[in-house]
Amino acid sequence: MSGDDRFVIIGGGPAGIAAAISAIRAGFPAGRITLLEKGERHDPSRTSGFGGAGANSDGKLVLESAIGGELETWVGERISGLLEDVLELYLDFLDPAERPQYEAMRGRFSDPEAGERIQRACIRAGLEYIPADIIPLGTTACHGVVDAWHDFLVERGAEVLLETRVTGFASADDGWTVVGEDGRELQARWLLAAPGRSGHGFLVGALEENGIAAVNGPIDVGVRVETDAQLTRALTDATWEFKLRGLIDGEHVRTFCVCPEGSVLVERYDEDLLAVNGQTLPERPTGRTNFAVLHTIHLDDPCDNPAQFAQAYIRTANILGARNAIVQTWPKFADRRRSRDDDLRDSFTAPTLASALPGDIRLALNAKSCRVIEAFMRALDSPGLLEGLCSHRTLLYAPEAKFYTVRPARLSEQLESDRPELFFAGDGSGITRGLVQASASGIVVGREVARRAQ
Ligand SMILES: Cc1cc2nc3c(=O)[nH]c(=O)nc-3n(C[C@H](O)[C@H](O)[C@H](O)COP(=O)(O)OP(=O)(O)OC[C@H]3O[C@@H](n4cnc5c(N)ncnc54)[C@H](O)[C@@H]3O)c2cc1C
């Protein structure tokens, strides 16, 4: 390695940070790492800043290869070991006094007997239950971990450049040239692009400019459901993050990101787009549970930009809500009528997202998704599952969407593209969809770069 050989990382989310920490732990000199992050240290967007979307996440560590991404496709059998390494990456950076309480949760939410009961109820309701090994860190502990990651990198001498947006990169004589918004150029011997979902536009442009063939991922559109925590307790006590899937008229629909005793919040993307999400603050129980219900859509020929389809939903909902989230009571959604202030007053559940305005989700969300989501909600309202869900106790929020995934068509088992020394990791490149796998993908790249540098 020459004195100038730098490892440059675009994106300060869990994938980029895990790559930096793993490289250092594997012997790569911290002083030769530069991490470029467009957001602030504590960014108000909830999708950017040091820690990325992960910093503001609910901190549910889902330790399953089948959930939260497709990393196994590239890393094969190494996946199990990587999931354990990720767990260490989080537990190691917790306040040592807190660690035992989280370790004790391991396995608690994968109780086989409860799992079997839920599975039987699902079979009766025509649904599928995906058991998951989860440690629910919660938002506050997650913030603590991200702060400790930051201190680790800075104290060891890694360069962490915040409020530094990368606009492109191009192959250079011995590696890559990375260009910042202010025109500043940086030379990288090894380059990792880990810009997350909020870096979708950047990634699409960079792949195109470098002539790297890309494939579009599926998109998810739907609603966030909020209901009484009591109504979901049988499931959240047994599994915390209940993952239920339905196949309705050939369409895939599922629950996602369950937040027991949580609240609904707003997240902001570029171009002033606003969507809803959820979080749990264990120290501030709300008496409500919220979770997403998402319809997965695979758009292919002739559609060449599925992300725009999801963006159109978000934009329409933002127009209807005058740049606020929309909330609708279940009875009005089922009756195909908009909600008004009176409906919210009469509802048995007050919205935890106070800024959401009553409206009509069906005006924004496509008819097929509305039909699939309605049928799925009715199936969830079954004995042994979420009985009572389709009632005055339930609110729906919009827009909720997961998109922005485009990935290089060819990636090696070390997540290197067909251009030497250019690596991809995390959610933005469609490899992952959650904290654990995003971090795992970063570990793969960090260790590989450290190995090559020796
Ligand atoms: C509210 C919320 C709750 C969530 N809860 C959970 C949960 O409980 N469990 C779970 O597993 N997952 C959860 N997730 C998802 C999880 O946060 C993501 O899967 C994870 O953060 C992805 O990591 P990443 O590093 O790939 O991307 P990100 O976390 O999105 O980080 C990418 C970073 O790159 C930066 N960036 C983008 N473009 C550029 C550019 N051009 N130049 C410089 N920097 C750039 C962004 O600002 C961002 O900080 C949640 C997400 C949200 C929004």
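User: In this predicted model, which residue follows α6, and what is the sign of its phi?

Analyst: Gly126 comes directly after α6. Its phi is positive, near 75 degrees.

User: How do you know that the span of helix α6 agrees with its number of residues?

Analyst: Helix α6 has 14 residues, 112-125, and at 1.5 Å a residue these should span 20 Å. The C-alpha atoms at its ends are 20 Å apart, so the two values agree.

User: Which residues of α6 are called buried, and what makes them so?

Analyst: They are Ala114, Gly115, Ile118, Ala121, Cys122 and Ala125. The term applies because buried means under 20% relative accessible area.

User: What puts these buried residues on the same side of α6?

Analyst: They cover an arc of only 130 degrees around the axis, which places them on the same side of α6. In general, residues three or four places apart point the same way because an α-helix has 3.6 residues a turn.

User: Which residues lie exposed on the other side of α6, and what covers the buried ones?

Analyst: Pro112, Glu113, Glu116, Ile123 and Arg124 are exposed on the other side. The cover over the buried residues includes β4 (127-129), α9 (229-239), β13 (244-248) and α13 (367-380).

User: What makes the pair formed by the ligand and Lys60 a polar contact?

Analyst: A nitrogen atom of the ligand lies 3.0 Å from a polar backbone atom of Lys60. The cut-off for a pair of N or O atoms is within 3.5 Å, so the pair qualifies.

User: How much of the ligand's area does the protein bury?

Analyst: Taken alone, the ligand exposes 1000 Å², and the protein buries 94% of that.

Definitions and conventions: Residues are numbered from 1 along each chain as its sequence is written. This is a predicted model: local features need pLDDT of at least 70, side-chain atom pairs count only at pLDDT 80 or more; totals for chains, interfaces and linings use all residues. Side-chain values use heavy atoms; hydrogens and water are left out. Helices (H or I, at least four residues) and strands (E, at least two) are DSSP runs, numbered from the N terminus. The expected span of a helix is 1.5 Å times one less than its number of residues. Buried means under 20% relative accessible area, exposed over 50%, partly exposed in between (1.4 Å probe, protein chains only). The arc is that of the directions from the helix axis to the C-beta atoms. Contact means heavy atoms within 4.5 Å. A polar contact is a pair of N or O atoms within 3.5 Å; within protein, one must be able to donate a hydrogen and the other to accept it, and residues adjacent in sequence count only if both atoms are side-chain atoms. Accessible areas come from the Shrake-Rupley method with a 1.4 Å probe; for residues, only the protein chains shown count as cover.
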